[in-house]
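I opened this notebook to keep track of what I looked up, one topic at a time. The entries follow the order in which I went through the structure.

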Amino acid sequence: WGVTATHGQRMRFDEANAAGGIRFNGVQHAIVVGNFIGVDIKGHRYWHGAQAAAQAGLTNAAFLRARIEFIESHLAPGEAHEIWLPFPDPQPRDERGTKRLTGAPFLERYRRLLGPGGIVHVKTDSRFLHEQTRLSAAASGVQITHEIADLYADPVATCQPLLREWLAIRTRYEERWLRRGSTISYLQLKL
């Protein structure tokens, strides 16, 4: 990634549903504020985002088809500054948290990928995942710097302006869960 990145800008990566789940203006906004890499094993989930980025001529966006377990084969230690985990699978049967993207093994992997003060953002409709993420963070010595139990009912005024803009971007999955009456929560972890 370092060869093609716009040097001097922070790099973010988005796992799980990558940029394909974000509407085009969301993708365009997200990519404009820094370097962006969407990562997913299922290419169809980020194809629309990749197409939109290509049509807009954005050069600071990349899309990687890979299993998140192997992300360290694609990014150097300290190369990323932020990780977004929009609506990861809660993996309720994974008692040890080894498959859960916010479990201790993944938090350690993210710690290696992120530079000092790196941030992991988690949006979820799963109360189980929210609570398991809190437990994993505590067990791993990870600080929760921001927590919103209901993203659309609780005020986000305490968030920094750029974070408020990012949180306002809704994925297709998020819109689906909101239509079903689900509560969306947010956690910001500082590694």
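Which residues gather in a patch of positive charge on the surface? I looked this up in the model, which is a predicted one, and found that the patch is formed by R172, R176, R179 and R180.

**Entry on the patch.** I then asked where R172 sits, and I noted that R172 belongs to helix α6, which covers residues 172-179. I also checked how much of R172 is open to the surface, and because its relative accessibility is 43%, I entered R172 as partly exposed, the range for that label lying between 20% and 50%.

**Entry on the whole chain.** Stepping back, I counted 6 helices and 7 strands in the chain, and I wrote down their order along the sequence as β-α-β-α-β-β-α-β-α-β-α-α-β. The chain has 191 residues, of which 47% are buried. For the surface I noted an exposed area of about 9500 Å², with 51% of it supplied by carbon and sulfur atoms. I also looked at how the contacts are spread along the sequence: of the contacts in the chain with a separation of 6 or more, 78% are between residues 24 or more positions apart.

**Entry on the loop between β4 and α3.** I went on to the loop that lies between β4 (80-86) and α3 (104-113), where I found F87. The phi angle of F87 is near 60°, which I marked as a positive value in a residue other than glycine. With a relative accessibility of 12%, F87 counts as buried, since the label applies under 20%.

In the loop between β4 and α3 I also found D89. I entered D89 as partly exposed, because its relative accessible area is 46%. I then looked up the distance from D89 to T124, and although these two residues are 35 residues apart along the chain, their C-alpha atoms are separated by 8.9 Å.

**Entry on R100.** Is R100, another residue that I looked up, buried or exposed? R100 counts as buried, because its relative accessibility is 2%, and its place is again in the loop between β4 and α3. What does R100 touch, if residues up to four places away in sequence are not counted? I listed P90, Q91, D94, F106, F128, L129 and Q132 as the residues that R100 touches on that basis.

**Entry to close.** Looking back over the loop between β4 and α3, I have F87 as buried at 12%, D89 as partly exposed at 46% and R100 as buried at 2%.

Notes:
Residues numbered from 1 in each chain as written. Predicted model: local features only at pLDDT ≥ 70, side-chain atom pairs only at ≥ 80, totals over all residues. Heavy atoms only, no water. Helix = DSSP H or I, 4+ residues; strand = E, 2+ residues; numbered from the N terminus. Buried < 20%, exposed > 50% of the residue type's maximum accessible area, 1.4 Å probe, protein only. Contact = heavy atoms within 4.5 Å. Areas by Shrake-Rupley, 256 points an atom, 1.4 Å probe, with all protein chains shown as cover. Patch = residues over 30% accessible without salt bridge, like charges linked within 9 Å, V, L, I, M, F, W, Y side chains within 5 Å. Salt bridge = Lys/Arg side-chain N within 4 Å of Asp/Glu carboxyl O. Lys, Arg positive; Asp, Glu negative; His and termini not counted. Charge placed at Lys NZ, Arg CZ, Asp CG, Glu CD.
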